[in-house]
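Student: Could you take me through a close look at one place where two helices from separate chains meet? I would like to follow it step by step.

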Amino acid sequence: MSAADWTSVLRPKRSPHSLATSEANGVRLALIAFALVFAGLLLVLPLATVFVSAFAKGALAFLDALREPDALAAVKLTLLIAAISVPLNALFGVAAAWAIARFEFRGKTLLTTAIDLPLAVSPVVSGLIYVLCFGAQGVLGPWLMEHGIRIIFALPGIVLATTFVTFPYVARELIPLLEEQGDEEEQAAISLGASGWQMFRRITLPNMSLGLLYGIVLLNARAMGEFGAVSVVSGHIRGETNTIPLHVEVLYNEYQGQAAFAVASLLAGLAVVTLVAKRLLENRLARASRTAKENA
Amino acid sequence: MLPGFGLSLGFAATYLGLIVLLPLTALIVKAAAATPSEFLAAAFSERAVAAYRVSFGASLAAAAFNAVFGPVLAWVLVRYRFPGRELIDALVDLPFALPTAVAGITLTALLSANGLVGAQLAKLGIEIAYTRAGIAVALAFIGLPFVVRTVQPVLADIDKEWEEAAATLGAGRWRTFRSVLLPVLWPAIATGFAMAFARGIGEYGSVVFISGNMPYETEIAPLLIVTQLEQYDYVGATAIAIVLLAVSFALLLAMNALQRRLGSARTREVHA
């Protein structure tokens, strides 16, 4: 920011009324200083620490930690899980939003509430319920064993737990968006003879694309970073069922701090990308919503 | 009539049933398999009660901290323009975006006796890492966005005319804040507080590294679930999970009631 911006902090432009509706300069500056220090300590410092610690032993050690076979296996597993969970939950979000925002039916409130359920459940409990369902001692355990199907301590369990904790993200974004947009364009398309698929591809999907992308960005970040739920169902088999966050835990507990932070920096990098994408999409969503209101 | 109702509702309901309702039912079935006395003994064993105390106490402390300082941060971000504002505003969501395990090891590294912050505090005789205070710090980090993101939009929507009217009637800034702004803000602050509290109770990843994990001292309830599961104590794990779920749902209901007072859906970003 330029010097002019700083002057405006110290001497804000005042309308005749604003002296009475804003704070004295001293108070204002003290509050801003507080916010900078507070955010610096609680937000900037931890984020910076991840990257500084990742490179504490130089770039070579950083790369070595990432090239190690267990680390590569963890990265592959995390990408695979996200590649399954993210599209599934995105598809569910679109379907649920279409049903809830476009139609009236019995049990709609119940469905809307049930979608939010996973947000109220502790990650550990999210993992536990799958163990109780599909584990060796679980409700369906004996039947699964008989048929040689392994879910807990294997890929399916990790995918299920991840899918559970990230379940509501897309639906929560799309339901209010579709409700706000209304169904006039879709009604028009149908009355002009478009098929359901044509309407969806040419109108619904383009109209919801920003919100959908927004939900997917958040969903993906959570899916790749989930720790508690995955930790309960994974069984912690090195190189096999350890995701990136679990591999970070293993390294950290083995006192390989620098390697732990090197691997963690992948996730911190993802977090930064997520924050930037989130901000950009929010601005575009706000603009799209304003334009829609002006045109209405 | 628009097409696709049966298809979309059918898919959504089936998927919801398989991913969410089926495993939750398993939890209920497992809990019902234990006798009531077994269940109660497991849910309220001495160690479990100690763990609830640690979890609820630290969550409460962290949520209270955020309920005080979160609104201050929200106020500064909404009302003032200064260099770095955009950056801080974006970074408020960091605790949502940063995986909890990463937050956990980072806070531990910073606050342990040889860490950047911990070493300074050690000189003053203050220990954070591996104590209950450490758990509260981790939960304060995790809970911050809940309060800030709930208060921010409400603050941005407040009409300046109210404050002008208060000033015209002779109120100073502090009086205006107390009598005009705070009554509008408090439902948002309370909602943010409840969300941060609820999240804190269930939080695991960011806490297990910084808490000492000592039974009766610094053992949080979610960790006790994991421990009992590792010892194949399914009744114990299930009983504690049900207590945690009951508390979460009670808080969820309370929040929905508050939400209605808040009016329109302003929490869009909060769960992000």
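Tutor: Happy to! Let's begin with a term: a helix axis here is a line fitted to C-alpha atoms over the stretch in contact, and the angle between two axes runs from 0 to 180 degrees between their N-to-C directions. Keep in mind that this is a predicted model.

Now look at helix 14 of chain A, residues 244–253, and helix 6 of chain B, residues 100–111: their axes lie 9 Å apart and meet at an angle of about 25°. Because angles under 35 degrees count as roughly parallel, helix 14 of chain A is roughly parallel to helix 6 of chain B. The crossing of these two helices is left-handed.

Which residues make the contact? From helix 14 of chain A come P245(A), V248(A), E249(A) and Y252(A), while helix 6 of chain B brings A101(B), V102(B) and I105(B). Sorted by character, the residues of this contact are 6 nonpolar, no polar and 1 charged.

Next, step back to the whole contact between the chains. Chain B gives 75 residues to it and chain A gives 83 residues. On the side of chain B that touches chain A, the largest share, 16 residues, belongs to helix 1 of chain B, residues 5–33. That side of chain B divides into 57 nonpolar, 10 polar and 8 charged residues. So you can place our helix pair beside the wider picture: 6 nonpolar and 1 charged in the pair, and 57 nonpolar and 8 charged on the side of chain B that touches chain A.

Note on methods: Residues numbered from 1 in each chain as written. Chains lettered and ligands numbered in written order. Predicted model: local features only at pLDDT ≥ 70, side-chain atom pairs only at ≥ 80, totals over all residues. Contact = placed C-beta atoms within 7 Å. Helix = DSSP H or I, 4+ residues; strand = E, 2+ residues; numbered from the N terminus. Nonpolar A, V, L, I, M, F, W, Y, C, P; charged D, E, K, R; others polar. Parallel < 35°, antiparallel > 145°, perpendicular 65-115°, else oblique. Left-handed = near helix turned anticlockwise from the far one by under 90°.
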